[in-house]
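Please open the structure in a viewer and keep the sequence beside it. The tour below proceeds stop by stop, with a selection to make at each one.

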Amino acid sequence: MILSCSNISKSFGDKDVLKHVSFHIEEHEKAAVVGINGAGKSTLLKIIIGELTPDEGVVSLSKGASIGYLAQHQDLEGASTIYDALLEVKQPVIQMEKRLRQLEASMKELSGAALETALEEYSRLDHQFELEGGYAWQSEITGVLKGLGFEEEEFPKEIHALSGGQKTRVSLGKLLLTKPDLLLLDEPTNHLDMDSIAWLETYLKSYSGSVILVAHDRYFLDRVVTKVVELDNGAGTVFSGNYTAYSEKKAMLRDAQIRAYLNQQQEIKRQEAVIAKLKSFNREKSIRRAESREKMLEKIDRLERPVEIDDSMEIRLEPDVVSGNDVLTVQDLSKSFGSQLLFSHVNFEIKRGERVAIIGNNGTGKTTLLKIINGLLPADSGQIRLGSKVHIGYYDQEHQVLHPDKTLFDEIQDTYPSMNNTQIRNTLASFLFTGDDVFKLIRDLSGGERGRVSLAKLMLSDANFLLLDEPTNHLDITSKEILESALNRYTGTVLYVSHDRYFINRTATRILDLTGQTFINYIGNYEYYLEKKEDVEAAHFERLAREGKAEPSAPVSSQGSSSGAGRQDWKAQKEEQARLRKLQNELKKTEEEIHQLETREQEIDELLSQEEVYTNVSRLMELNQEKEKNSTRLEKLYERWEELSEEVEG
């Protein structure tokens, strides 16, 4: 066990944020802390690292264990560039390397005892250098930066010129390179695109230390964690398994609680009816029996009705006007900013009732496409046609449709003047704004709260074609699930941009993948996209090659003849990627088998030290034979691992 939290309590004013929360984290374990916004997740992490002091309870970290923490917002100091920031982490290794070079140079001129002393230091230092990954520190920095979505040309960028999201990614890179025994990550996926999130998943799954994650990305949690700590109304409950397992167990527990409550209520009513009947007989014996039952009823430990905090938030999105079957037609659309081409020759249609997700890496033009469709930006070329009776409702991730100096109440009233006070309050209450909350200024709201106000306005509109730009950003998991249900019931049409893979998987009927300056169509949800991506992408670019169109993902010869050459280059690239994936899979399987055999070797060694085993000749021989067989297999696996590692690195 690396961490133990026992009876942690914390209050701010009269609000109990954490009430006697207890859990523990084992070595190498990956755990998630989940709960609605404001449940105390970040507070708990700050208590674990010592940034906040609990009112009650104890946090125990195993002796000598190191701990690393990534907060949601970062302010990097010191380093001048992105690369320098990560280089700081490797300074001890770099100093070791300098000392090794100095020793190599000096040993040429030494002899006798001085040479022997230098050789001893060199041998010790070289061993330590190798253990700390000294021979790969440069490739490690490059790998982490690229994994987190930085291109090599961005490495020299000045830190002061970076956005908040970029600074968070740099801080995450620094933290991963320090490799603490316990990693605490607060919303690490917030500023990552899909490729970077997938890279981080792989990195954390194979991370040798323990990890505690706070994240609203359920797909990410499903693939990384094996334990969930839920914070609900101040209390902490531990569930084994990933997010989906937690969600299923939580639903089962809630059903059981509701059944127990209803059964108890039924029994109380039955007893009250019997008591009333006995009293109505108006006989001394009947009255005594009634009083006896009343005393028993008073002693019952009455269950409270199970109430989820967000039960009141129910979004109903329903268009007043039904559009024509053809909702949107995009023909030969292109858009650039200066010399940067975002997309060209884009063609697609959207029919009534479809829920289409646009995915792709950051900066590829997803939001730009929504703005062009909504008339907020002009296209360079091409045509956009809306169908009959189509009314657009736009959800902007920056919430620019909101007025910062208005209250929530005024924001709704000014947009929909025909609504009375009660209607406005009821609408805001359905989005968790009650009492004096309705008089808060928009400028004072959190990102998640602004998102809920924008969704409230969208719900009230007569739109039948929703354009949503990152609608789940800043929403907690419960709010996301409610929005998913609302969209799945919606009879209008939806086109949205999102990097939330779980949300896409639950809601999309079709996916448009913006890659290589073009859109590739997948008729299905995110799981379908993952399954078909390689085949569909290959067919798409082959079709482009046949039509003689330049393939954005493959360089085309300036001499011109060669859409065919570009096609061959692209095919070779895909074949190489497939070969590399195969090698990586084999490497992973080899590592897993090595781990299993090494674990078994330790078990055998422990068994061989037990008296009941080493005094039993047949059992002793059996274990020794197994140990010898395992050792032979391990030798072959070690050799194969080295071969595969070299091929993958190459």
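Helices (H or I, at least four residues) and strands (E, at least two) are DSSP runs, numbered from the N terminus. With these names in hand, select the loop between β2 (15–25) and β3 (30–34), where His28 lies. This is a predicted model, in which local features need pLDDT of at least 70 and side-chain atom pairs count only at pLDDT 80 or more, while totals for chains, interfaces and linings use all residues. Residues are numbered from 1 along each chain as its sequence is written, and side-chain values use heavy atoms, with hydrogens and water left out.

**First stop: two histidines**

Most residues other than glycine have a negative phi. What is the phi of His28? The value is near 70°, which is positive although His28 is not a glycine. Is His28 buried or exposed? Here buried means under 20% relative accessible area, exposed means over 50%, and partly exposed lies in between (1.4 Å probe, protein chains only). His28 has a relative accessible area of 52% and is exposed.

Next, select His345, which is placed in strand β11 (residues 340–351). The phi of His345 is also positive in a residue other than glycine, near 50°. With a relative accessible area of 48%, His345 is partly exposed.

**Second stop: the whole chain**

Now display the entire protein chain, which holds 20 helices and 18 strands. Of its 650 residues, 42% are buried. A contact means heavy atoms within 4.5 Å. Among contacts between residues at least 6 apart in sequence, 66% join residues at least 24 apart.

Ser80 provides an example of residues separated in sequence. Select Ser80 in the loop between β5 (67–70) and α2. Its C-alpha is 5.7 Å from that of Ile159, although the two residues are 79 apart in sequence. Leaving aside neighbours within four places in sequence, Ser80 is in contact with Lys157, Glu158 and Ile159. Ser80 has a relative accessibility of 35% and counts as partly exposed.

**Third stop: helix α3 and its partners**

Select α3, residues 91–107. This helix has 17 residues and reaches 24 Å from its first C-alpha to its last, close to the 24 Å expected at 1.5 Å a residue. The expected span is 1.5 Å times one less than the number of residues. Which residues of α3 are buried? They are Val93, Ile94, Met96, Leu100, Leu103 and Met107. The buried residues of α3 pack against α2 (82–89), α4 and α5 (137–147).

Two packed helices are described by the angle between their axes and the distance between the axes. Axes are lines fitted to C-alpha atoms, for helices over the stretch in contact, and angles run from 0 to 180 degrees between N-to-C directions. Angles under 35 degrees count as roughly parallel, over 145 as roughly antiparallel, 65 to 115 as roughly perpendicular and the rest as oblique.

Add α4 (residues 112–131) to the selection: its axis and that of α3 come within 10 Å and cross at roughly 150°. The pair is therefore roughly antiparallel. Residues of α3 including Val93, Met96 and Leu100 take part in this contact, and those of α4 include Leu115, Leu119 and Phe129. By class, the contact of α3 with α4 has 11 nonpolar, one polar and six charged residues. In this scheme Ala, Val, Leu, Ile, Met, Phe, Trp, Tyr, Cys and Pro count as nonpolar, Asp, Glu, Lys and Arg as charged, and the others, Gly among them, as polar.

Replace α4 with α2, whose axis comes within 5 Å of that of α3 and crosses it at roughly 75°. This angle makes α2 roughly perpendicular to α3. Leu87, Glu88 and Val89 of α2 make the contact with Gln91, Pro92 and Ile94 of α3.

Finally for this region, show α2 with α5, which pack at an angle of about 130° with their axes 10 Å apart. That makes α2 oblique to α5. From α2, Ile82, Tyr83, Leu86 and Leu87 make the contact; from α5, Trp137, Gln138, Ile141, Val144 and Leu145 do so. These residues divide into eight nonpolar, one polar and no charged.

**Last stop: an enclosed helix**

Select α11, residues 366–373. Six of its eight residues are buried, so α11 is largely enclosed by the rest of the structure. The buried residues are Lys366, Thr368, Leu369, Leu370, Ile372 and Ile373. After α11 comes Gly375, with a positive phi near 80°.
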